[in-house]
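Colleague: I've got a model open and I'd like to learn how to read it. Can we go through it together?

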Amino acid sequence: MSQVRVLVGTRKGAFVLTSDGKREHWAVSGPHFGGWEIYHLKGSPADPNRLYASQCSGWFGQIIQRSDDGGKTWMQPGTPPGEPQTAQGPPKGDSNKFVYNTSPENGKPLTTHQWYDGTQHPWEFKRVWHLEPSLTDPDTVYAGVEDAALFRSKNGGQSWEEMPGLRGHGTGPRWQPGAGGMCLHTIVLDASNPKRMFIAISAAGAFRTDDGGETWRPINRGLKSPFLPDPTAEVGHCVHRIAMHRSRPGVLFMQKHWDVMRSDDNGDSWREVSGNLPTDFGFVIDVHAQDPETIFVVPIKSDSEHYPPDGKLSVYRSRTGGNEWEALTKGLPQHDCYVNVLRDAMAVDSLDSCGVYFGTTGGQVYASRDAGNSWAPIVRDLPAVLSVEVQTLP
Amino acid sequence: MIRVVLPPHLRTLAHVSAEVSVEVEGAITQRSILDALEDCYPMLRGTIRDHDTLQRRPFLRFFACGEDWSLEPPDHPLPDAVARGTEPFLVVGAIAGG
């Protein structure tokens, strides 16, 4: 029977939740890295027991952790214990070294971006928001960081190099931080085209490469952000999340700061599909594992009130790829609920009856075994949940 | 041997349970102690000092013999008691946050 492994990053550690394919009874492992912020952890599609985790702290900075046994044990890549000394000498301890590329051969030195007050501000590494393992190589993993940039490791996280074409394509000096910082939080890999990748930055927008990351371009046509001097500007949009179904790589769904959007042309143009949502502000968006026209969002009241409208936690589902939405509330709190669901905190499994999972800032992780028709908490009292990922195991 | 006391989270990263001892060649300074510490425990690189600039991370302080050495130059000699191993060099996390 299949198994499901849910990887949960929280403000105070990581948790691994496991169940068989019935998804009725769950084992909870953790906290791993207790006391540390775990922004994200994710497994390799090519080797499900290879997991990567972003561990960070205001005191000690960034740490990258790796597990090669499905989360039972962890190591900092390239350091003992775990990886022995090599002929090249003692371990360098570079797995947490994220240095921006400003070399002349990669174009103009990229030294500043726009600050909150409109002045230019130096790029400063703060943390890794998102880790996206390669679809085919367990040792290759991408990291989206704050201040926004894309890094890649080809050696299992032992060392990282920036992919400078993203910051260097020309709009970088116009990027600015959102309320949560200037973070590259979404990385979507195209299974049908290994050269194509989508990323999103708050608050710069969405970007695409068609040549494996060498060159990039903004893909924000159709987005409208009234807070910008030019609401339809090429960059500056606060994109919160992008989701794509593997079987239809040209179709993208976006939860923007406000507005739920859809693109049918690889992001070249977007149209709004917020439809009858009670509010189109939110953070998460995801796609049903079997039906690429079924999508899920969690509406949040507003950008100044980060909790569900009327204190009722609801997932909204569209079976039509947007515009027509239905509230899914069975099993979710319908009074006095004032949690948030952050941008990396929803995921789906790939079982026949699609499981949907999301975590809240109140520490609950909810699961649905029936594509959102009903919900039950797996755990209720974790630290604030930052991210949720799901692995469906044979 | 130079004795070094680490804050709890760094002990966990380094897989040590109490203070550690490191061999330091030459003058006993903040820099030489931290260089030796990071050679022995590479998983601590970047957690006490910035990888590139080697600047102390803002929420950490260095103490020895009851005094705060954090703002002293990194190559300034530390007290003889630290060099003799009778007193430890302490890496202390600021009490901040909630």
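Colleague: How many residues does each chain bring to the contact?
Modeller: Two residues are in contact if their C-beta atoms, placed from the backbone, lie within 7 Å. Here chain A gives 16 residues and chain B gives 17 residues. This is a predicted model, where local features need pLDDT of at least 70 and side-chain atom pairs count only at pLDDT 80 or more, while totals for chains, interfaces and linings use all residues. Residues are numbered from 1 along each chain as its sequence is written, and chains are lettered from A and ligands numbered from 1 in the order in which they are written.

Colleague: Which helices of chain B supply at least two residues each to the side that touches chain A?
Modeller: Helices (H or I, at least four residues) and strands (E, at least two) are DSSP runs, numbered from the N terminus. Helix 1 (8-14) and helix 2 (30-40) of chain B are the ones to look at.

Colleague: And what is the order of the five strands in the open sheet of chain B?
Modeller: Two strands pair if DSSP finds at least two bridges between them. The order is 2-1-5-3-4, with mixed pairing. At the edges sit strand 2 (20-22) and strand 4 (67-68) of chain B, each pairing on one side only. Strand 1 (residues 2-5) and strand 2 of chain B run antiparallel, joined by three bridges; there, B:Arg3 stands opposite B:Ser21.

Colleague: What about the open sheet of four strands in chain A?
Modeller: That one goes 3-2-1-29, and its pairing is antiparallel. Its edge strands are strand 3 (27-32) and strand 29 (385-393) of chain A. Four bridges link strand 2 (residues 13-20) to strand 3 of chain A, and A:Leu17 has A:Val28 as its bridge partner.
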